[in-house]
Amino acid sequence: MTNYTKFIYEMKRKVTNFSKIITKQLSKPKSKFIAQMIYGLLQSQSVLLSEISRAQKENILLKKSIERLSRNLENFDEQEKLIDEYIKKLSLILMTIPFFVAINQI
């Protein structure tokens, strides 16, 4: 039998670790928001704020959670910093993977 509690804990831990890496240049509230959004997107498999809020299973009204996510999303203006850190992380991973390019000239 699959232990879903352990799986969810591990997924949340990996999301948190990843979000810490890509949000180094952001404030703590914005970093927390990014972590919550990534986790919510993965858990709900939806881009709807209502589904992301449900996936977080917070002890507050769903309406309040949606309003908070909406407000944070509207006020988030540091996309460039986030993308830069994501590209840095991705390039480090890609540099460790051996690959080759085959060119077929006929």
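**Exercise 1. Work out whether Pro29 is buried or exposed, and place it in the fold.**

Step 1: Pro29 has a relative accessible area of 62%. Anything over 50% counts as exposed, so Pro29 is exposed.

Step 2: Now for the element. Pro29 sits in helix 2. Keep in mind that this is a predicted model.

Step 3: Check a residue far off in sequence. Asn72 lies 43 residues from Pro29 along the chain, but their C-alpha atoms are 9.3 Å apart in space.

**Exercise 2. Describe how helix 1 and helix 5 pack, and say which residues meet.**

Step 1: Two numbers do the job, since a pair of packed helices is described by the angle between the axes and the distance between them.

Step 2: Helix 1 covers residues 4-22 and helix 5 covers residues 79-95; their packing angle is about 110 degrees, and the axes are 8 Å apart. That angle makes helix 1 roughly perpendicular to helix 5, because the range for that label is 65 to 115 degrees.

Step 3: Now go down to the residues. Helix 1 brings Phe18, Ile21 and Ile22, and these meet Leu82, Glu85, Tyr86 and Lys89 of helix 5.

Step 4: Sort that contact by class and you get 5 nonpolar and 2 charged residues, with no polar ones.

**Exercise 3. Find out how much space the largest pocket holds and what lines it.**

Step 1: The volume comes out at about 280 Å³.

Step 2: There are 14 lining residues, and Lys12, Thr16, Lys32, Ala35 and Gln36 are the closest to the pocket centre.

Step 3: Look for the elements behind the lining. Helix 1 and helix 2 (28-44) are the ones that give two or more residues. Helix 2 supplies the largest share, with 6 residues.

Step 4: By class, the lining splits into 6 polar, 5 charged and 3 nonpolar residues.

**Exercise 4. Gln45 and Lys57 have a positive phi without being glycine; give their values and settings.**

Step 1: Take Gln45. Its phi is near 55 degrees, and Gln45 belongs to the loop between helix 2 and helix 3 (49-56).

Step 2: Is Gln45 buried or exposed? With 73% relative accessibility, Gln45 counts as exposed.

Step 3: On to Lys57. Here phi is near 50 degrees, and Lys57 is part of the loop between helix 3 and helix 4 (62-75).

Step 4: The relative accessible area of Lys57 is 65%, so Lys57 is exposed.

Definitions and conventions:
Residues numbered from 1 in each chain as written. Predicted model: local features only at pLDDT ≥ 70, side-chain atom pairs only at ≥ 80, totals over all residues. Heavy atoms only, no water. Axes fitted to C-alpha atoms, helices over the stretch in contact; angles between N-to-C directions. Helix = DSSP H or I, 4+ residues; strand = E, 2+ residues; numbered from the N terminus. Parallel < 35°, antiparallel > 145°, perpendicular 65-115°, else oblique. Contact = heavy atoms within 4.5 Å. Nonpolar A, V, L, I, M, F, W, Y, C, P; charged D, E, K, R; others polar. 1 Å grid on protein atoms, 1.4 Å probe; cavity = no way out; pocket = protein on both sides within 12 Å on 5 of 7 lines; lining within 4 Å. Points joined across faces, edges and corners; volume = space filled by probe spheres on them. Buried < 20%, exposed > 50% of the residue type's maximum accessible area, 1.4 Å probe, protein only.
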